[in-house]
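Reader: Hey, can we go through this one together? I'd like to start with the cysteines.

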Amino acid sequence: MAGALLEQAEKLLERGIHPIRVAEGYEMASRIAVDHLERISHKFDFSDADIEPLVQTCMTTLSSKMVTRCKRTLAEIAVKAVLAVADLERKDVNLDLIKVEGKVGGKLEDTELVYGIVVDKDMSHPQMPKRIEDAKIAILTCPFEPPKPKTKHKVDIDTVEKFQTLRQQEQKYFDDMVQQCKDAGATLVICQWGFDDEANHLLMHRNLPAVRWVGGVELELIAIATGGRIVPRFQELTPEKLGRAGLVREKSFGTTKDRMLYIEQCANSRAVTIFIRGGNKMMIEETKRSIHDALCVARNLIRNNSIVYGGGSAEISCSIAIEAAADRHPGVEQYAIRAFADALDSIPLALSENSGLQPIDTLAEVKSQQIKENNPYYGIDCNDVGTNNMQEQNVFETLIGKQQQIMLATQVVKMILKIDDVITPADY
């Protein structure tokens, strides 16, 4: 869009129109377009119970991506995830609460939505229980190991007794640590740092499952989901600071030794994880990006439930409206306003070109159809469904998204037009 606007601006500048006048004309045209979009937009009804309309919208987003073959499943997952963290009264969605995690292996259809957190770690000792129900979780950011003096030091051990006392001292230190966790009532320890084999062994004997090396971001999410507090020192561990989860289980995938921790049925169920599977890394990365798009679309619809129809129909309709409005503006700006209308046509042109149709013929036909029937829902029939009416084809986009695209493209172009000269360091 911005590229098309700049292309049109170049022609105007060659005619000798001042860049600032062009920028002003563009600004006027973008305002006309944004208002026009408001007028042709539709309200879009959905509720917690009836999520089908939201799923349809997300499917529109996913149909142009690599993951089209299971777009239905992915769209449903995205909508459920957004509704799980959405605050429908305030019409607000915090996407940070949705964690998108991927693991190579399996197939795309195995992608699932977990109402809780998935951590790419396993229990620190293979003999610890793999399933903990009604877990009370201590979230620690202190290492499970004896304190190391900051200075250089040397301990001379010349008798067996001295070595025994040193060992006992260390063991007592670990014993105290584990006991403190037990006293607080914790049934699972999640630690940001590692711990010695000895601590590991002790934890296993004391029946206190533990997970080590969990990253900071994940710790925060776990704390939000389980309602726990992150504890920086053992002395500060109290029963109130423990997080609660109905079920913590370790799940292994296939025959590989890949294992992950699922923390489910949390006290605060507003943190969810979308867990993606796929044949290779590229597929998973691509799915992550596609899901992110779908999440954003669902969020936009919850924020503002107006939609405009896609397939280039909104752009063609805006272009017609701007063309008509251009004549009412005296002065040089009307050239820029017309140029803006031409630039809007570049989107349906690109669409028809990518669908293998005759770009100019198709666009002219759709445009005349829109003007003749005064119906702003005619667009490019990309998938050859047999109808140009985007309302029947169920292709639509969010109003906020569309307005944002036009406004941002105009802002960028205005900024570029105001640059007179570029100085390259090589000239000096």
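Author: Sure. First, the cut-off: a disulfide is a pair of cysteine sulfur atoms within 2.5 Å. Keep in mind that this is a predicted model.

Reader: OK. How many disulfides does a search of the whole structure find?

Author: Zero.

Reader: Why is there no bond for cysteine 181?

Author: Its closest cysteine sulfur is in cysteine 142, 7.8 Å away, so the two are too far apart for a bond.

Reader: And where is the nearest cysteine sulfur to cysteine 266?

Author: In cysteine 191, 19 Å away. Cysteine 266 is in no disulfide either.

Reader: Is cysteine 266 buried or exposed?

Author: Buried, because its relative accessibility is 10%. Cysteine 181 is buried too, at 0%.

Reader: New topic. Where is arginine 21?

Author: In helix α2, which covers residues 19–40. Arginine 21 counts as partly exposed because its relative accessibility is 33%.

Reader: What is arginine 21 in contact with, leaving aside neighbours within four places in sequence?

Author: Val332, Glu333 and Ala336.

Reader: Now the helices. At what angle do α1 and α14 pack?

Author: About 40 degrees, with the axes 9 Å apart. The two are therefore oblique to each other. Their crossing is right-handed.

Reader: Which residues meet there?

Author: From α1, Ala2, Leu5, Leu6, Ala9 and Leu13. From α14, Ala409, Thr410, Val413, Ile416 and Leu417.

Reader: How many are nonpolar, polar or charged?

Author: Nine are nonpolar, one is polar and none is charged.

Key:
Residues are numbered from 1 along each chain as its sequence is written. This is a predicted model: local features need pLDDT of at least 70, side-chain atom pairs count only at pLDDT 80 or more; totals for chains, interfaces and linings use all residues. Side-chain values use heavy atoms; hydrogens and water are left out. Helices (H or I, at least four residues) and strands (E, at least two) are DSSP runs, numbered from the N terminus. Buried means under 20% relative accessible area, exposed over 50%, partly exposed in between (1.4 Å probe, protein chains only). Contact means heavy atoms within 4.5 Å. Axes are lines fitted to C-alpha atoms, for helices over the stretch in contact, and angles run from 0 to 180 degrees between N-to-C directions. Angles under 35 degrees count as roughly parallel, over 145 as roughly antiparallel, 65 to 115 as roughly perpendicular and the rest as oblique. A crossing is left-handed if the near helix is turned anticlockwise from the far one by less than a right angle, and right-handed if clockwise. Ala, Val, Leu, Ile, Met, Phe, Trp, Tyr, Cys and Pro count as nonpolar, Asp, Glu, Lys and Arg as charged, and the others, Gly among them, as polar.
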